[in-house]
Every structure is written in structure tokens, then in C-alpha cells.
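Thanks for taking a look at this one with me. Here are a few notes to read alongside the structure.

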Amino acid sequence: MEVFSLRLQFSRRMKVEWGTIYFEYKDVISMDKITLIATAAMGLEGIVGQELRDLGYENVKVENSRAVFEARPSDIPRVNLWLRSADRVKLLVGKFNAYSFDELFENTKALPWEQFISEDGEFPVIGKSKKSKLYSVPDCQAIVKKAIVERMKQKYGIADRLEETGAFYRVEVDINKDEAWLTLDTSGSGLHKRGYRVGQGEAPLKETLAAALIQVTNWRGDAPFVDLFCGSGTIPIEAALIGQNIAPGFNREFASENWSFVSDRYWDAAFEEAEDKAQYDHPVNIQGMDIDPKMIEISKANAMEAGLGELILFKQMQARDFKPVEKGGYLVSNPPYGERIGDRKEVEKTYRQLGGTMKDFPTWSVYILTAHPQFEKVYGTEATKKRKLFNGFIETNYYQFFGRK
Ligand SMILES: C[S@@+](CC[C@H](N)C(=O)[O-])C[C@H]1O[C@@H](n2cnc3c(N)ncnc32)[C@H](O)[C@@H]1O
């Protein structure tokens, strides 16, 4: 029953009796508002911000490498399940200025950790520090750990050591210009781990970046979609998930599934919503090609694992043999960059041939991610738009050539 929006501070084991109504504390507590942070690779934060707005969140603040927004505990399952381009979802327990270890300790101890971490919770602390007086990360981690332990022992009335045998809560202390942000990681493993990658090639694209590349295009499932350099199939698989509105986190687990303040009912509701919104019958026309037959086998295995085996057509093919038969399609690819000595000439030949082919199909939109510094020159056309993005540590450009309507 969701009628309670009181802030209740009972001991975790206590139950509430009210006439004949009997609840577990876990179901009754309602923290009206929490602050969540969707972290993202540099350059993708704006896309994550838009995803959050599309999910119905207002007042999303997009900052460097993160989007910050107000939410409720029931949103933790939702955003973890649905965000396609974010790395992780973290809960902001508090932030404050810290110029000394004492300040770090006292301010950390003043935060309501017991509202989030259960009595037996396991909570390792990780940290980072940038441009701050408190630069020794191991010391900051140790101080934060000590402060939380003291707070929890006081609040839970424990004299001995905390057991730390229960649910897993990864605490992070992130200090930037003397401002400390203390967070709990609600995701567990990074959100790029969708659970479908059973095989990969030499340079697989992160699933979150692949989803971002697709979201930058206007493709939403109704036009032909092709990746000519599909490798392990990441771009076509993410396209199929988008095309059928399937939540990308549907096949995996999250750390906060075991947290008592994130009720099982919230998880059930989020999974039900994802099931309701999925359009498994929506027809899509998605193809993935690669010169390497091994990669085609890997792509097929990954798509099968994602439950999309029948949906995507994978075939072994040279990019130069591509001739679109339909109009108004989208080509989204992450070809080789030609960075290895000896590869560049071959790669440039491929780019040149592709540019030549696509000139004859002006209704197609072409999107290419590459680190090649002279891509437009070799391809033979100036991009309508380009966007700087990082593929891991490699600085790349995302070249966008809009097709004629
Ligand atoms: C950077 S990888 C793509 C990785 C892919 N996005 C993934 O997530 O696994 C480039 C791929 O292009 C393929 N390739 C290279 N030259 C090609 C060509 N001329 N035609 C088609 N595929 C080619 C390679 O076999 C390789 O799998």
C-alpha cells in the first residue's frame, strides 16, 4: 500500500502494527526524495540527460560525465533497467566541502547511512580526488569507512564489529575542488554489461556507446538499419533493443536488488513496466555485416543470447559489395581506424569505396565513428555534423551525413 509518504525511522527489524494492517518496515518507509546520479563517458552525458527526460524525469542537471536528478527509491529499478548510454546509477547520500580529514570524518558521520545500508550490509569504500587539499585517496577512503562504521554502530546499537555479511553497497568518496560527494552504487557491474555478450572480437564497442551512437541518429525502428563492420554485433543488437523498445537491463542483475529500502515491489513493478512497454512484435529491418566469418558467428551467438536471434540478419560480406535496395535507410558503423602500421592504406581504400557507393544513395543517412584524422577527405564528402567522442581512451569523431528526405 503506497498511501504512506511519511518519513519513518524505525529500526529495520521493527514492524508497524495499525489495526489489522501489518507491514514490514521495508514496505512502509518512503523517502520522498533522493538524488540520483547517472554517470556517463565524457561526451555522452547530454544523451543520458535526454534519456532521463524521455523517461519522465524533470529538472535533470547535465554536468561533466554525469546527469543529476531528483527521484524516489522506486525509480532506482526503473532507471537501472532503462538507461541505455549511462555507465552506472549512483545514489547521492550527501555532499559537502572538506578541507581537512576532520571535516571529512564529521560530515560523513552526520549523513543518514542507516537509512540506506542495512545492519549487516557489506560496504567497501572506493575513492578519487582531483584538484583538492585532501589528495590521498587511501586516507580519504579509510576515514569515510571509519565514519560510516561509527554512525552505523551508534544507530543500530552495536558495540562489536559490524558483521558485513549481508547485501553489497559500494560507497564512493569523490572529491573535486574540495567538494566531497558521497554515493552508493545502485548498479553493481557497469550498465554496459547487458548480459548478452558471450563472445567478442578485437575491438568491441561498449554497449553504452553503441546505444548512444544510435540515439544520436533519428532512427527509432522504422527504417532499414545496417552496420557494415559489425564485429561482435554490438550496434545491430543495441538497435534491435531500441527498435522494439526493450529495456537494455532486462537480462541482468543489479546491486540494489538486494537493498532493503528498495522494495521488491519496486523491482517487480519496474520489470512489469519493461515487459508491458516492449514491442516484441514490432517489425524491424536490421542487418549486420563483416568481412570476417568468425565475427558473424560471434554476432549471431550474442544476438541469440539477447533473445534477438531471429530479428537481425547477419552475413559475411565485404563493405565494398554493399548496395542498398531500399530507400531512406541508416548506416551506422564503427569501421577499423587504420591505426596499426600497414593497415592505414587498406582502411583508406575501404573508406573511399564506401563514400563512392553512398553518393549514389542520397536518401541514406550515414554515421561513422572513427579516429582517422582525415576521414571526410578520404570518404569524399563533408559531414553534415560531427561530434567528438571517446571510444575507451581513443579520441574519435562521429561523422554524420544526413540523408535527403
Ligand atoms: C572496430 S571493429 C567493429 C567492432 C564492433 N563495433 C563490435 O562492437 O564488436 C571493425 C570490424 O570491421 C571488420 N572489417 C574490416 N574491414 C572490413 C571490410 N572491408 N568489410 C567489412 N568488414 C570489415 C573487421 O573484421 C572488424 O570486425
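1. Let's begin with a single pairing: serine 333 has isoleucine 368 of β14 as its bridge partner. The model is predicted, so to speak: local features need pLDDT of at least 70, side-chain atom pairs count only at pLDDT 80 or more, and totals for chains, interfaces and linings use all residues. Residues are numbered from 1 along each chain as its sequence is written.

2. Strands β13 and β14 (residues 365-370) run parallel and are joined by four bridges. Strands here are DSSP runs of E with at least two residues, helices are runs of H or I with at least four, and both are numbered from the N terminus. Two strands count as paired if DSSP finds at least two bridges between them.

3. β13 also has strand β10 (residues 225-227) as a parallel partner, through two bridges. Here phenylalanine 225 is matched with tyrosine 330 of β13.

4. Is β13 (residues 330-333) buried or exposed on its two faces? Both are covered: Tyr330 and Val332 are buried on one side, Leu331 and Ser333 on the other. Buried means that 20 or more other C-beta atoms, placed from the backbone, lie within 10 Å of the residue's own. In a regular strand, side chains alternate between the two faces of the sheet.

5. Please also look at the open sheet of seven strands, in the order β4-β5-β3-β6-β9-β8-β7, with mixed pairing. Its edge strands, each pairing on one side only, are β4 (61-63) and β7 (125-130). On average, neighbouring strands of this sheet are turned by 30° against each other, direction ignored. At the β7 edge, six bridges join β7 to strand β8 (residues 170-176), and the two run parallel; isoleucine 126 has glutamate 172 of β8 as its partner.

6. Two helices lie across parts of this sheet. Helix α2 (residues 45-54) lies across β3 (34-39), β4 and β5 (66-71), at about 20° to β5. Helix α5 (residues 137-156) lies across β7, β8 and β9 (179-185), at about 135° to β7. Axes are lines fitted to C-alpha atoms, for helices over the stretch in contact, and angles run from 0 to 180 degrees between N-to-C directions.

7. Finally, a helix pair: the axes of α3 (residues 75-82) and α8 (residues 264-277) come within 8 Å and cross at roughly 40°. Pro77, Arg78 and Leu81 of α3 meet Tyr266, Trp267, Ala270 and Ala274 of α8, where contact means C-beta atoms, placed from the backbone, within 7 Å.

Conventions. A residue is buried if 20 or more other C-beta atoms lie within 10 Å of its own, exposed if 12 or fewer, and partly exposed in between; C-beta atoms are placed from the backbone.
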